[in-house]
Every structure is written in structure tokens, then in C-alpha cells.
Amino acid sequence: MTPAPSPSTLDVVVHSGPADWWVILAGLGPLAVLIAALLAFYINWRTLKQRTAADATALEQKREADAHALLQKTEADSRAEW
């Protein structure tokens, strides 16, 4: 199939005046998406940092509690022998 030429001419209109507000807003869309992504990354990074610190503290507290419980059990077993 051979392409046929267009039956009529196509008029192109170029506006040379100042851009409308919605055109400017549409141009800033990718920048807004980038800023939102960076903000989400920062919030998630801070949350992860806080959770990591909280988990480390909780683990240390559990280790101390386990060591204390083992010491108490050992002392109780020693007293029970006599």
C-alpha cells in the first residue's frame, strides 16, 4: 500500500505572546515530582535510621535482661543445692 498525500494542507499557528499560567504550571510538573520524591526519600531514610537505633537499644536491653535473669537463676540454683 503506497501512502497517499494529505487531501488538504495543514495550518500551523504559533503563539508568540506570554505563556499562560497553566502552561508554566505544566512545565513545573516534573520538578514537583522530583521534589516530592526527594522529600519521601528523606522521610523514609530518617524513619529507617530511627528504627535501627530503636532496634539496637531494644536488643541491648534484652541482652542485659537475659544476663540478669541467668544470674538470678544461677544464684537460685546454687541456694537450692544447699
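Where does Ile35 sit in this structure? Ile35 has its place in helix H2, and that helix comes up again and again below. One thing to keep in mind from the start: this is a predicted model. Here's a quick tour, going from the overall build to a greasy surface patch and then to the aromatic rings.

**Overall build**

- The protein chain has 2 helices and 0 strands.
- Helix H2 covers residues 29-81.
- With a radius of gyration of 35 Å, the protein chain is a long way from a compact globule of 82 residues, which would come in near 12 Å.
- If you box in the C-alpha atoms along the principal axes, you get roughly 110 × 45 × 10 Å.
- Don't go looking for a buried core here: 0% of the 82 residues count as buried.
- The protein chain exposes about 8200 Å², and carbon and sulfur atoms supply 66% of that area.

**The nonpolar patch**

- Ile35 also belongs to a nonpolar patch on the surface, together with Ile24, Leu28, Leu31, Leu34 and Leu38.
- Taken together, these residues have about 580 Å² of accessible area.
- Helix H2 gives the most to the patch, with 4 residues.

**Aromatic pairs**

- How many aromatic pairs does a search of the whole structure find? The search turns up 2 of them.
- One is made by Trp21 and Trp22, which meet edge-to-face, with 5.9 Å centre to centre and 85 degrees between the planes.
- That angle counts as edge-to-face because it is over 60 degrees.
- Trp21 counts as exposed because its relative accessible area, 63%, is over the 50% cut-off.
- Its partner Trp22 is partly exposed, at 49% relative accessibility.
- The other pair is Tyr42 with Trp45, and this one is tilted: the centres are 6.3 Å apart and the planes make an angle of 40 degrees.
- Why is it called tilted? An angle of 40 degrees is neither under 30, as stacked would need, nor over 60, as edge-to-face would need, so tilted is what remains.
- Tyr42 and Trp45 are 3 residues apart in helix H2, so about one helical turn separates them.
- Tyr42 is partly exposed, with a relative accessible area of 46%.
- Trp45 is partly exposed too, at 43% relative accessibility.

Note on methods. Residues are numbered from 1 along each chain as its sequence is written. This is a predicted model: local features need pLDDT of at least 70, side-chain atom pairs count only at pLDDT 80 or more; totals for chains, interfaces and linings use all residues. Side-chain values use heavy atoms; hydrogens and water are left out. Patches are made of residues with over 30% relative accessible area and no salt bridge: like charges are joined within 9 Å, nonpolar side chains (Val, Leu, Ile, Met, Phe, Trp, Tyr) within 5 Å. Accessible areas come from the Shrake-Rupley method with a 1.4 Å probe; for residues, only the protein chains shown count as cover. A salt bridge is a side-chain nitrogen of Lys or Arg within 4 Å of a carboxyl oxygen of Asp or Glu. Rings of Phe, Tyr and Trp (its six-membered ring) pair if their centres lie within 6.5 Å; planes under 30 degrees apart count as stacked, over 60 as edge-to-face and the rest as tilted. Buried means under 20% relative accessible area, exposed over 50%, partly exposed in between (1.4 Å probe, protein chains only). The radius of gyration is taken over C-alpha atoms; the globule rule is 2.2 Å times the number of residues to the power 0.38.
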